[in-house]
Amino acid sequence: MACVIAAPASGSGKTLLSLCLIAWARQLGHSIQPFKVGPDYLDPQLLSLAANQPCRNLDLPLCGEDWVQLSFNGYGGRCDMALVEGVMGLFDGIGSSSDGSTADVAVNLALPVVLLVDAGGQARSLGALVRGFRDLDPRLNLAGVVLNRVSSPRHRELLEEVLTDIGVHCLGCLPVDPNLKLPNRHLGLAPAHELNALHKRLERWAALAEQHLNMEILQTLLRAPRPGPDPIRHVLSPELETSRQHSLPVAVAQDEAFHFRYPEMQECLELLGMPVLPWSPLSDAAPPVEATGLILPGGFPELHADQLSQCKTTFSSLHTWIRDKPIYAECGGMLLLGRGLADPEGRRHAMAGLLPFEAKRGRLQVGYRQLEARSDSLLLRRGERLRGHEFHRWQLCCESGESVGSWKPLWQVEGWKVERRVEGWNLPNLHASWVHLHWGGSSTIPCRWRAALGFAARQSVAAL
């Protein structure tokens, strides 16, 4: 069955509660599959680390209902337990709607909801808040409430009485504890690799669950769904025979600066005969010579801009690479290819210089994007439509006389309250854009990527 961990708003403690439940399950020897609603990279890193299982994103707008159902059963059914951490507030979706929201996913998968409420400074008002969330959508099944930041036993008793009066189960109360706070960055929680003393944290989270949560009920709610087919194999099955003809290794940037990627990307690559070769741009070394393509995922290059600017071997290898082999770059990966990148303090640092832009801090750009290809490219054909997601605080500034248009933009971009514009960089061996794609939900992309690698490899052989 599994359950959805939701809240009235961001910052209520959904990730903390999810980590407590995961740590408790693992301490008892259970395997547990974590899921995250929406297009998030940072929360899933923490959930993956705690569960020792790759967290999977359930994203209706980005991937569609079929993939969400396939992913939930295909991955969740492999474990003893499963849980879904929501995003933002329970009903917060695209714009002012609930489309793509945590509630939307809960209804789509017919899952019960555990509502986590930050009860700090609340008493009787808790009843009005919970009643509103329970009653707004009659399709939702509210299994109960967990209260966060409960200040004392007396405060707990008071809040439990309030919930009893409105007929809602209290499934536990987490105490106020500054030691439980998770570190943050400018796009959300800090990356998982920055979390120290993980073993001690897991022990503390498991103890919190055991001492402060009604695990008898929650254990039932965490039961895994019925197993389903392997999601990646299912969506790529028409391509599997041709992809086994020969191997096309792919270098994927993986270090402290570049780590925003969905696990399905690597699974798509490997299933289609493109084994992944990890590469660190921060190591100042060329990508593995046997790689036939290069993927630069998003991350926090702006936090490592000074170190990156010293990586001359990395930069020169990218200039050599793009002449013969394809590059796929998303968001932070694209920033590596520009002329300069400002760090959070505004200091400029030289980058690879493959693309004619400077990048500096700007206003937040976040939301789903509807994409229409302006011309043929590595992965797209003119007129094709895709769905992606944009999330960054940096902006590009081209030098006078240069524009995205003169470099063949990838696509026309639209979104809620976003002006229609052209975006991305389309060169014979380059796909670079702010927009993140989900390769499991857009299975054409890995297939086209393999075709591009095969074509480039044949061209190289023919040129010898």
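## R149 and L147 in strand β6

At 38% relative accessibility, R149 counts as partly exposed, because the partly exposed class covers values between the 20% limit for buried and the 50% limit for exposed. This residue sits in strand β6 of what is, throughout, a predicted model. Its backbone deserves a look too: R149 is not a glycine, yet its phi is positive, at about 60°. For context, most residues other than glycine have a negative phi.

Strand β6 also holds L147, and here the relative accessibility is 0%, so L147 counts as buried. Leaving aside residues up to four places away in sequence, L147 touches L116, V117, A119, L126, L159, L163, C170, G172, C173 and L174. If you would like a long-range landmark, try A7: it is 140 residues from L147 along the chain, and the two C-alpha atoms are separated by 10 Å.

## Helix α5 and its buried side

Helix α5 takes in residues 125–135, and its buried residues are L126, G127, V130 and F133. These cover an arc of only 140° around the axis, which puts them on the same side of α5.

What do the buried residues of α5 pack against? Their partners are β5 (113–118), β6 (142–150) and α6 (153–165). One of the contacts with β6 can be named at residue level, since L126 is among the residues touched by L147.

## Where α1 and α7 cross

Now for a pair of helices. The axes of α1 (residues 14–27) and α7 (residues 198–212) cross at roughly 95° and come within 7 Å. That angle makes α1 roughly perpendicular to α7, because the perpendicular class runs from 65 to 115 degrees.

On the α1 side, the contact is made by L16, L19, C20, A23, W24, R26 and Q27, which meet L202, W205, A206, L208, A209 and E210 in α7. Sorted by class, this contact has ten nonpolar, one polar and two charged residues.

## The two sides of α7

Does the length of α7 agree or disagree with the expected span? With 15 residues at 1.5 Å a residue, α7 should span 21 Å, and its end C-alpha atoms are 21 Å apart, which agrees.

Going around this helix, R201, L202, W205, A206, L208 and A209 are its buried residues. They cover an arc of only 150° around the axis, which puts them on the same side of α7. On the other side, H199, K200, E210 and Q211 are exposed. The cover over the buried residues of α7 includes α1, α2 (42–51), β7 (170–175) and α8 (215–221).

## Helix α2, an enclosed neighbour

Helix α2, named above as part of the cover over α7, is itself largely enclosed by the rest of the structure, because eight of its ten residues are buried. The buried residues are L42, D43, P44, Q45, L46, L47, A50 and A51. After α2 comes N52, and its phi is positive, near 60°.

## L83 and M88

Strand β4 (residues 81–85) is the place of L83. Is L83 buried or exposed? Its relative accessibility is 1%, so L83 counts as buried. Not counting residues up to four places away in sequence, L83 touches C3, I5, S18, I22, I32, Q33, P34, F35 and L222. Among these, Q33 lies 50 residues from L83 along the chain, with 6.6 Å between the two C-alpha atoms.

In the loop between β4 and α4 (102–109) you will find M88. This residue is partly exposed, with a relative accessible area of 37%. M88 is also a residue other than glycine with a positive phi, near 50°.

## H389 in strand β19

Our last stop is H389, placed in strand β19 (residues 385–398). Its relative accessibility is 7%, so H389 counts as buried, since buried means under 20%.

Which residues does H389 touch, not counting residues up to four places away in sequence? They are P39, L62, V366, G367, Y368, W434, V435 and H436.

Conventions
Residues numbered from 1 in each chain as written. Predicted model: local features only at pLDDT ≥ 70, side-chain atom pairs only at ≥ 80, totals over all residues. Heavy atoms only, no water. Axes fitted to C-alpha atoms, helices over the stretch in contact; angles between N-to-C directions. Helix = DSSP H or I, 4+ residues; strand = E, 2+ residues; numbered from the N terminus. Parallel < 35°, antiparallel > 145°, perpendicular 65-115°, else oblique. Contact = heavy atoms within 4.5 Å. Nonpolar A, V, L, I, M, F, W, Y, C, P; charged D, E, K, R; others polar. Expected span 1.5 Å × (residues − 1). Buried < 20%, exposed > 50% of the residue type's maximum accessible area, 1.4 Å probe, protein only. Arc of directions from axis to C-beta.
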